[in-house]
Amino acid sequence: MALAIGHLVAQYRACAAARTEPFSETVAASLDDLCARLGDAAHDTEQLVLDDPAIVLAGLRHALADIADLLAEDHRHDDELLARRITLDLHTATGTLQHTRDLSAFARPLTALGHTDEARDARREAFTALCALAAQEPTRWLDALAEAVAYGDLLVAAGDPAAATEACRRAVHGLAPYAESGMPWAVEPYAQALLSLAQRTADAGDPVGALEAAQEAVVLLERESPVVLAAALHSVGLRHEELKQWEDARVHLAEAAELLADAEDAATNRRRAELLGDLARVQSHLDGDAAVETAKQCVELHRGIVGDEPGHLPHLALALVELHHRLAATGRHVKAVYALQESAAHYRQLREQDPQWTADLAHCHLFLGQQLAELGRREPALEETTTAVALLRDCPEEALALARALRDLGTRFHDLGRTVESLAANGEAAGIFRDAGNLPALGMVLYNVAVTHHFADQIEEAVPAAVEAVEVYQRLYDKDSGWAPDLAQALARLGKVCERADRFDQAITAMERAVSLLQRLHTPGSDNYGAELAQVLHDLSRYHEQQGRLDRSLEHMRRSVALYGDLTQGDPERFRRQLAGSWLSLGIYLTQLDQDEEARSATGLAADLYRQADDQQGLALALVQLSARESALNRAEESTAALTEAVELYEELALQWPDPHLGNLAMTLENLATRHSRQQDHGAALPLLERATRIWGQLGNQSYLVGNLRSRLLVEYSLGRDTEDTLERLTDNQHDLEETIRTLDGTVQDLIRADLLRPAEQLLDRVFGLWEIHLLEHPDSDPMLRLVLLDSRALLLARSEQHAEAAATQDETIRLLEPFALEDPDGYLGTLAAARSRLSRYLRAADRPAEALEQQGQVVSVYEQLAAQVPGVYRPALVSALHNLGELLHDLGSNDADAVLARAATLRLTLGGEED
């Protein structure tokens, strides 16, 4: 086939110059333009002169058609378009079969060049003409059907699937009478038309209608060849998939694949490979293992085809990606990585030949990053995701894909604790999604940003990100309630970051909205959104507890326990730990409400559940809590046994994970030592404290070491041991002398509480000496430190039954404190009232009730003022102050005593769980 048409063009030009109908100077000019584009290839040596103009036109039309086909093969679509356009211009009549075929051919280069509106117009004209021709010649419905498919593709691309469906339906209706009457030429094409109609109907959003069309095609094709019937069954399977009728879809797709099992030709193998891919996708909803095996067969089939047809490589690359999806869904992440690595190698080879494969290669690296992250290989995962982002930056048409990759990159950086890079990647992704108006993706990125800020302890930055995420999901929810789970998740995150920002009212509001949404989503007795609701209730309970609303806190925690209980019955392995955690928290709240027996039962249940779950860390924590509950019930033996077991567990955990379990071990050793000390077994307590001392020293935790040394001092004093080494070490671990004084004063208080009054007096004298030295070196030192020491002196004197001396010392404390309270009432008035209360107590013990009454009256007056401002803090103190005032009045024989005591009793009833 040659491009030489010079002689025909010359004769056309001559006819046009002679104004012979239907020759045109315009067409002649177009022919000259085409010849110029073709260059020397258009010239020929043919000298034959055709006298018949009709023969000239016919010859030119055929030659132009051949030339257009050759130009299409060479991807010279601009030149092809010119040749096709001239061909149309040569027609003397429209609506003929040849004209419709030339219109159809004309649409091809228009589509390739992106002139879709003009291509659609040409297809519509061709389809309409063919339908008219079919009214005269029924076999033309075959041409009309082919045109309906091509025309429909353009309509679907233009966003008008309904019009595509109507065009296909028109061809189906045209063929129907002939197929139903058994015309051999019509049956199979009619079935194919039904399959096309099924696809168009599905595109138009009517999966039920699509299924009906595909099923009708299957009935018609039952006696046809296996290949044709398989195509129909394939279509029916896909229609069932669209309706999420997974089992029906599987049955039809499996039957179609079986029909093609013995195929040997390449075309049928390609169809079977496509079928297996679709079958694996459907099986993934029913049986993950079966889906994997089918996907493997699909890959091997594609691999065999590539051996004969290298051009089939893209299909193998894609099949490997799909195999990775099936493997990942069943937890086989290592094998998924290998599948992706092979796929990436193929896409890399394809990209070397044609850059159009860049985006596919990028997605392969993106999936690799996800799978490596699942395997805990964070650095390689970051490397793969970084590669994906770099590749997608070279694909301007893939802006949204780039944004999704950046979102993944943000997650990879977050996993590695690289906050700055994570926020930068997510910030760029958010910008792209925001510009594109993609609210679902924007909401997800904003949520990720809030999480990253939260984990980095950047709470002030986390709050606005969480708020915006909630606002985005709220907009989506307002239009579609299907966004309720995402909105609830965003609200829960907002609650968590508001908790960290000490904005408990805002945290409670967010969590209560999340609870409301999740309650609507959760079906009692099922696990849908049950875990999410239980967790949100758990958090909401904690927030109410922080605000002192123990009744609300207890109510929400009981609901969380009940939900986790139901979930644990259905899936013990998954939910047993969460149930244990809720019981543990419930035990804490019950303790605060003085419901000690119930608190002990709740904590015991938590320990049992952690033991069943083989969760050593949870069990150790529960045993520490259980020890406290047993102690509150005066069950010393049980309390000590629980702590002893906790120590053993932390010893094992600390060997495997020193951080944080060495610290937990030290704290539990100290706790156990305290239990022994309370039982006056100081000899058993000291070795435990010494061991804890070594651990805190090893960890370099100065504040915990100081606390430990204070406990050691108390035990050493109790045992009559030399304390100089411990005192020296405690002093060496202080930042300055003032801190040493405060710490040693705390030890004095410990000794007084332990009734070790002589050691307390000796140590307090030593502390006063240190204070005098400090005052000489720092005359501007905080005078409040002297007040603290005087307070301890007064307490020691009172415990030594030197009540008059205690009162005098406490009076000195008050005189020093009064100027501070006058200057800063908010800061010191409560402290002054507490000091006066102690003075009143010392005066009463010194048999000076009238003076004690005067001081106690001032205490009540101050607490009344403070309780009006901050009732949750000062109302319990007011109750105690009134009770003490009433007793003093009773001692003095006052008639007002009973009224004051009654008022105290009435107020106490209003406290609930507030009173200490």
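**Exercise 1. Asp750**

Find the helix that holds Asp750, then work out whether this residue is buried or exposed and what Asp750 touches.

*Solution.* Start with the location: Asp750 sits in helix H35, residues 737–753. Keep in mind that this is a predicted model. Next, accessibility: the relative value for Asp750 is 15%. The cut-off for buried is under 20%, so Asp750 counts as buried. Last, the neighbours: once residues up to four places away in sequence are set aside, Asp750 touches Arg710 and Leu714.

**Exercise 2. Two loops with odd backbones**

Say where His75 and Lys244 are found, what sign their phi has, and whether they are buried or exposed.

*Solution.* First the background: most residues other than glycine have a negative phi. Now take His75, which is not a glycine but has a positive phi of about 60°. His75 belongs to the loop between helix H3 (53–73) and helix H4 (77–89). With a relative accessible area of 64%, His75 is exposed.

Then take Lys244, where phi is near 60°, again positive in a residue other than glycine. The loop here is the one between helix H11 (226–242) and helix H12 (246–259). At 62% relative accessibility, Lys244 counts as exposed.

**Exercise 3. H31 against H32**

Work out how H31 and H32 are oriented, and then zoom in on Pro660 and His682.

*Solution.* Geometry comes first: the two helices pack at an angle of about 160°, and their axes are 8 Å apart. Angles over 145 degrees count as roughly antiparallel, so that is what H31 is to H32. H31 passes H32 in a left-handed crossing. Among the residues making the contact are Leu662, Leu669 and His676 of H31, together with His682, Leu688 and Trp696 of H32. Sorted by class, the contact has 15 nonpolar, 5 polar and 2 charged residues.

Now for Pro660, a residue of helix H31 (658–678). The peptide bond from Asp659 to Pro660 is cis, with omega near 15°.

On the other side, His682 lies in helix H32, residues 682–699. His682 has a relative accessible area of 13% and is therefore buried. Leaving out neighbours within four places in sequence, His682 contacts His676, Ser677, Val715, Ser718 and Leu719.

**Exercise 4. H36 against H37**

Determine the orientation of H36 and H37 and the make-up of their contact.

*Solution.* Helix H36 (residues 757–777) packs on H37 at an angle of about 160°, with the axes 11 Å apart. H36 and H37 are therefore roughly antiparallel to each other. Their crossing is left-handed. On the H36 side the contact includes Leu764, Phe768 and Trp771, and on the H37 side Leu789, Arg793 and Leu796. The tally for this contact is 10 nonpolar, 1 polar and 6 charged residues.

**Exercise 5. H39 and its cover**

Check the span of H39, list some of its buried residues, say what covers them, and look at what follows the helix.

*Solution.* Helix H39 runs over residues 825–845, which makes 21 residues, and reaches 29 Å from first C-alpha to last, close to the 30 Å expected. Its buried residues include Leu829, Leu832, Arg836, Leu839 and Leu843. That spacing fits a general point: with 3.6 residues a turn, residues three or four places apart point the same way. The cover over the buried residues of H39 includes helices H37, H38, H40 and H41. After H39 comes Asp847, whose phi is positive, near 65°.

Technical notes. Residues numbered from 1 in each chain as written. Predicted model: local features only at pLDDT ≥ 70, side-chain atom pairs only at ≥ 80, totals over all residues. Heavy atoms only, no water. Helix = DSSP H or I, 4+ residues; strand = E, 2+ residues; numbered from the N terminus. Expected span 1.5 Å × (residues − 1). Buried < 20%, exposed > 50% of the residue type's maximum accessible area, 1.4 Å probe, protein only. Contact = heavy atoms within 4.5 Å. Axes fitted to C-alpha atoms, helices over the stretch in contact; angles between N-to-C directions. Parallel < 35°, antiparallel > 145°, perpendicular 65-115°, else oblique. Left-handed = near helix turned anticlockwise from the far one by under 90°. Nonpolar A, V, L, I, M, F, W, Y, C, P; charged D, E, K, R; others polar.
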